[in-house]
Amino acid sequence: MTAQPVVRFSTSTLQPPTPPPASPGRHALVDRLAERILALAPARLRVAIDGPTAAGKTSLGHELAEHIVRAGRPVLRACLDDFKRPWKDRHRYDRESGEGYYRNAYDYDAVTRLLLEPAAPGGTGRCVLCSIDPLTQTDHSDVVTPAPPDAVLVVDGVFAFRPEIDRHWDFRIWLDIAPELSVRRGAARDASWAGADATALHRQRYLPSMECYESEVRPQRLADVVVDNTDFTRPRVVRESR
């Protein structure tokens, strides 16, 4: 008997909660996205979910993974936040300002070498789903998760379409929400650890970093699907390439 495919997650301690049961409209949209991805090829695929902070990228990644597994394909789940540069090196570069966060926070060489190249159709399949744990700063770069020949890698994170890694994606999803909604959602999400500084953190660092990204890269134009995720219960496709 063939084993049922499963979703493989990283060893990161930053594990957002499982999203609540989806509304009928949301379920239909995720199913539509999964069908498009699965129709691309029977070999390994690499899917990116990008968008502003707190747009709902991680939740969509989890939902999409479950739909793909139910269709019979194994899934690896990763987040770009698990490939940030270690805090011990923060004295080397500006990571505090919006522009500094955009230019310096993420280690794209590690993303490429440890995750995206191994997950390619012709790659080794020896994928590392977490480089540096963003909470404990533990180095997990020696923890390998095998990607079967038909695996789908689903990665969420801001700046996923940057030129350093954009060429590696087989399918790109952009979740769109208004800047002020990003600030409100992000501040509410991060209040447990950032406290009263949460709103300022999002308005002064994360929002300007996204402005840099959109100005330089224009990521929406690179997406295969753009989804308005203002209302979690009623996400809406606003543009779709064929």
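**Entry 1: the buried side of H6.** I started with helix H6 and asked which of its residues are buried. My list reads Ala-198, Leu-201, His-202, Arg-205, Tyr-206, Leu-207, Ser-209, Met-210, Cys-212, Tyr-213 and Val-217. Note to self: this is a predicted model. The spacing in my list reminded me of a rule: an α-helix has 3.6 residues a turn, so residues three or four places apart point the same way.

**Entry 2: the neighbours.** What do the buried residues of H6 pack against? I found two strands, S2 (45-50) and S7 (171-176), plus two helices, H3 (98-104) and H5 (179-194).

**Entry 3: length and bend.** H6 covers residues 198-217, which makes 20 residues. I got 27 Å from the first C-alpha to the last, close to the 28 Å expected. Then I looked for a kink and found one of about 25° at Tyr-206, shortly before the proline Pro-208. Tyr-206 is also on my buried list. Just after the helix, Arg-218 takes a positive phi of about 50°.

**Entry 4: cysteines.** How many disulfides does the whole structure have? My search came back with zero. A disulfide needs two cysteine sulfurs within 2.5 Å, so I checked some distances. Why is Cys-79 not bonded to Cys-130? The Cys-130 sulfur is the closest cysteine sulfur to that of Cys-79, but at 9.4 Å it's too far for a bond. Cys-127 is in no disulfide either, since its nearest cysteine sulfur, again that of Cys-130, is 14 Å away.

**Entry 5: buried or exposed?** Last, I looked up accessible area for two of these cysteines. Cys-79 is buried, with a relative value of 16%. Cys-127 is buried too, at 0%.

Technical notes
Residues numbered from 1 in each chain as written. Predicted model: local features only at pLDDT ≥ 70, side-chain atom pairs only at ≥ 80, totals over all residues. Heavy atoms only, no water. Helix = DSSP H or I, 4+ residues; strand = E, 2+ residues; numbered from the N terminus. Expected span 1.5 Å × (residues − 1). Bend = angle between axes of the 7 residues up to and from the residue. Buried < 20%, exposed > 50% of the residue type's maximum accessible area, 1.4 Å probe, protein only. Contact = heavy atoms within 4.5 Å.
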